[in-house]
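Hi,

Here is the structure I promised to pass on. Have a look at it first, and then read my notes below.

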Amino acid sequence: MYDDNNIFAKIIRGEIPSFKVFEDAGAIAFMDAMPQSEGHTLVVPKAQARNFFDIEPAVLAELIKTTQHVARGVQKAFNPGGMRIIQFNESVAGQTVFHIHFHIVPCYEGVPLRTHNRDWADKAVLAQHAERVKQALGN
Ligand code: AMP
């Protein structure tokens with residue numbers, strides 16, 4: 001069920017680059033490469049799980065804690081009016097990368113969210129945004 005050739009497994013193994021904002025023994029967080037809004041960040045456990053259904057509950061509990069920590073950093077860095085914390089399960093629900101992750105999507109007054117998984121962001125902008133989140137997290 002879990003295929004370790006997915007793009008996030010490659011990012012965790014360091015085989016492809018990402019704009020990382022946080023890492024500990026259990027998870028990493030990095031900027032979404034096709035962000036729906038400024039500051040869109042992903043939180044990914046290092047443990048192998050496809051989705052919400054096969055992840056160990058204890059790992060999920062840690063992942064939620066990490067997601068809250070990173071979301072607080074994104075909030076401090078971008079000061080959006082609100083934020084969506086989203087998680088998709090299977091293609092029919094919008095999942096495109098089959099390694100569980102949480103989306104942190106800042107929402108700004110009067111700014112519609114861009115379409116999920118469509119337009120690649122400028123790398124220099126992602127690098128700047130990652131820097132802002134890292135600083136907000138004190139990393
Ligand atoms: P999901 O559709 O919930 O599986 O989300 C996958 C997310 O990963 C989408 O929001 C994509 O924009 C994002 N994404 C895809 N490839 C990369 C990548 N190489 N680096 C960072 N984010 C990515």
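Phe22 sits across from Ala29 of β2. That places us at the pairing of β1 with β2, two strands that run antiparallel and are joined by 3 bridges. Bear in mind as you read that this is a predicted model.

Now the sheet as a whole. The sheet is open and has 5 strands, ordered β1-β2-β3-β5-β4, and the pairing is antiparallel. At the edges you'll find β1 (20-23) and β4 (82-86), each with a partner on one side only. Going from one strand to the next, the twist averages 15 degrees.

What packs on this sheet? It's α3, which touches β1 and β2. The direction of α3 makes about 35 degrees with that of β1.

The other thing to look at is the largest pocket, with a volume of about 480 Å³. Its lining is made up of 23 residues, and those nearest the centre are Ile7, Phe8, Ile11, Ala33 and Trp120. Two or more lining residues come from each of α1 (7-12), β2 (27-31) and α3 (123-137), so you'll meet β2 and α3 again here.

Which element gives the largest share of the lining? That's α1, with 3 residues. As for the character of the lining, 15 of the residues are nonpolar, 6 are polar and 2 are charged.

If you open the model, I'd start at Phe22 and Ala29, then go over to the pocket and look around Trp120.

Cheers

Conventions
Residues are numbered from 1 along each chain as its sequence is written. This is a predicted model: local features need pLDDT of at least 70, side-chain atom pairs count only at pLDDT 80 or more; totals for chains, interfaces and linings use all residues. Side-chain values use heavy atoms; hydrogens and water are left out. On a 1 Å grid over the protein atoms alone, a cavity is a set of points where a 1.4 Å probe fits but cannot get out, and a pocket is an open set with protein on both sides within 12 Å along at least five of seven lines; lining residues have an atom within 4 Å of a point. Grid points are joined across faces, edges and corners, and a volume is the space filled by probe spheres set on the points. Helices (H or I, at least four residues) and strands (E, at least two) are DSSP runs, numbered from the N terminus. Ala, Val, Leu, Ile, Met, Phe, Trp, Tyr, Cys and Pro count as nonpolar, Asp, Glu, Lys and Arg as charged, and the others, Gly among them, as polar. Two strands pair if DSSP finds at least two bridges between them. Axes are lines fitted to C-alpha atoms, for helices over the stretch in contact, and angles run from 0 to 180 degrees between N-to-C directions. Contact means heavy atoms within 4.5 Å.
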